[in-house]
Amino acid sequence: MLQSTSLPAAGRARLPSRRTATVMAASGKTVMITGGNTGIGYETAKVLLAKGYSVTLACRDASRASNAVQRLQQQQPGAPVDYLLLDLADLASVRDAANKWMDSGKQIDVLLNNAGVMACPRMETAQGYEYQLGVNHLGHFLWANTLLPLLKQNPNPVRIVNVASTAHMFGKMDFDDLQSRNNYDRWRAYGQSKLANILFTYELARKLQPSSSITANCLHPGVVRTELSRYLMTDPDALTSKLLTALFTPFTLSPEQGALTNIYCCSSPDVEGISGKYYDSCKPVASTPASYDTATAAKLWSVSEELTQAYAKAPAAV
Ligand SMILES: NC(=O)c1ccc[n+]([C@@H]2O[C@H](COP(=O)([O-])OP(=O)(O)OC[C@H]3O[C@@H](n4cnc5c(N)ncnc54)[C@H](OP(=O)(O)O)[C@@H]3O)[C@@H](O)[C@H]2O)c1
């Protein structure tokens, strides 16, 4: 049975057609959404709940997460939604959250790796990695890889969806200074982390296909009015970026509109069995030539394995 989402007014932004926003009624399917307490992730949770999915929000802040769960349950009484604590800036938290989920005996049908940070001043994760690379890529790399044995046991098709960005265009994998220690530039670091999201997706799709029923795709959600620019708003050194953000605000998407490509990649029958693609406005499109470089993708994979290895196994039982 097919159902359609009701699309919000298009405004001036480019939006997918009503046909492409069609989603499959999926009672009983479970979606895990990192960073689902606000922004695009929250709006995705709202629509997927309405379509019959069970939703778990994987979030770093218990009070923001439980507040989001409450709001979703107020809008949809009895909705099957809960949260799991996950801080992508700490690989120990990533490993523990994944293990906790696997111990629960519950499956995942859609793993939506949506959480992200953008253009922060230079900061480091708990393991001393540059914050944007650490949260946007390394945390999700360990998260997805730790959950993979569980996903492989799922008798039904599984979708892994990574939220990247068109900002991968100005990204370059700088393996000589992956942690951006020299001449840190907040936008270059964001671009690098979002390019890493795409390289990771394509490499994962190559490793999984053709024998697996797990697909991996990534997407750009559009330019969306969310809390993503929080670091720019509070940083006195980011005046130019702040002015540009204010200037472009009228041309941006609402969070409801920005969630449409997430919803499409997570649930549309059009995407069933499709893997290794990059979506924008609910259509597969080309990402930059650099993102298709298989040698770079393989190198990123092995470097990411090295950087996360210490947390890749469960701690010894005490
Ligand atoms: N908005 C845009 O224009 C745009 C454009 C292109 C791509 N994207 C991508 O879309 C995704 C969603 O962004 P958004 O616009 O919805 O931004 P948002 O409103 O700021 O939401 C980001 C989410 O990520 C969570 N998060 C941040 N750091 C985390 C950590 N260490 N551990 C766990 N969760 C963490 C946040 O949690 P807290 O609420 O606790 O901070 C929040 O739930 C991101 O990957 C972003 O790069 C957005």
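In this predicted model, helix α1 passes helix α9 in a right-handed crossing. Helix α1 spans residues 39-50 and helix α9 spans residues 260-267; the two pack at an angle of about 50°, with their axes 9 Å apart. The pair is therefore described as oblique. On the α1 side, the contact is formed by Ile40, Thr44, Val47 and Leu48, and on the α9 side by Asn262, Ile263, Cys266 and Ser267. By class, these residues comprise five nonpolar, three polar and no charged members.

A second right-handed crossing is that of α3 past α4. Helix α3 covers residues 91-103 and helix α4 covers residues 131-153; their axes lie 9 Å apart and make an angle of about 25°. Angles under 35 degrees count as roughly parallel, and α3 and α4 are therefore roughly parallel to each other. Helix α3 contributes Leu91, Val94, Arg95, Ala97, Ala98, Asn99, Trp101 and Met102 to the contact, while α4 contributes Leu138, Gly139, Leu142, Trp143, Thr146, Leu147 and Leu150. This contact of α3 with α4 contains 11 nonpolar, three polar and one charged residues.

Helix α4 also packs with helix α10, which is made up of residues 294-308; the two axes come within 10 Å and cross at roughly 85°. Helices α4 and α10 are therefore roughly perpendicular to each other. From α4, the residues His137, Leu138, Phe141, Leu142 and Asn145 meet Leu300, Trp301, Ser304, Glu305, Leu307 and Thr308 of α10. Leu138 and Leu142 of α4 thus appear in the contact with α10 and also in the contact with α3. The contact of α4 with α10 divides into six nonpolar, four polar and one charged residues.

The model also contains a ligand, with 30 residues around it. Among these residues, Arg60, Arg64, Val224, Thr226 and Arg230 come nearest. Polar atoms of the protein are paired with nitrogen or oxygen atoms of the ligand as listed below.

| Residue | Protein atom | Ligand atom | Distance |
|---|---|---|---|
| Asp87 | polar side-chain atom | nitrogen | 2.9 Å |
| Ala89 | polar backbone atom | nitrogen | 3.4 Å |
| Ala115 | backbone N or O atom | oxygen | 3.4 Å |

Asp87 makes its pairing through the side chain, whereas Ala89 does so through the backbone. Ala115 likewise uses a backbone atom, with an oxygen atom of the ligand as its partner.

Definitions and conventions
Residues are numbered from 1 along each chain as its sequence is written. This is a predicted model: local features need pLDDT of at least 70, side-chain atom pairs count only at pLDDT 80 or more; totals for chains, interfaces and linings use all residues. Side-chain values use heavy atoms; hydrogens and water are left out. Axes are lines fitted to C-alpha atoms, for helices over the stretch in contact, and angles run from 0 to 180 degrees between N-to-C directions. Helices (H or I, at least four residues) and strands (E, at least two) are DSSP runs, numbered from the N terminus. Angles under 35 degrees count as roughly parallel, over 145 as roughly antiparallel, 65 to 115 as roughly perpendicular and the rest as oblique. A crossing is left-handed if the near helix is turned anticlockwise from the far one by less than a right angle, and right-handed if clockwise. Contact means heavy atoms within 4.5 Å. Ala, Val, Leu, Ile, Met, Phe, Trp, Tyr, Cys and Pro count as nonpolar, Asp, Glu, Lys and Arg as charged, and the others, Gly among them, as polar. A residue is near a molecule or strand if one of its heavy atoms lies within 4 Å of it. A polar contact is a pair of N or O atoms within 3.5 Å; within protein, one must be able to donate a hydrogen and the other to accept it, and residues adjacent in sequence count only if both atoms are side-chain atoms.
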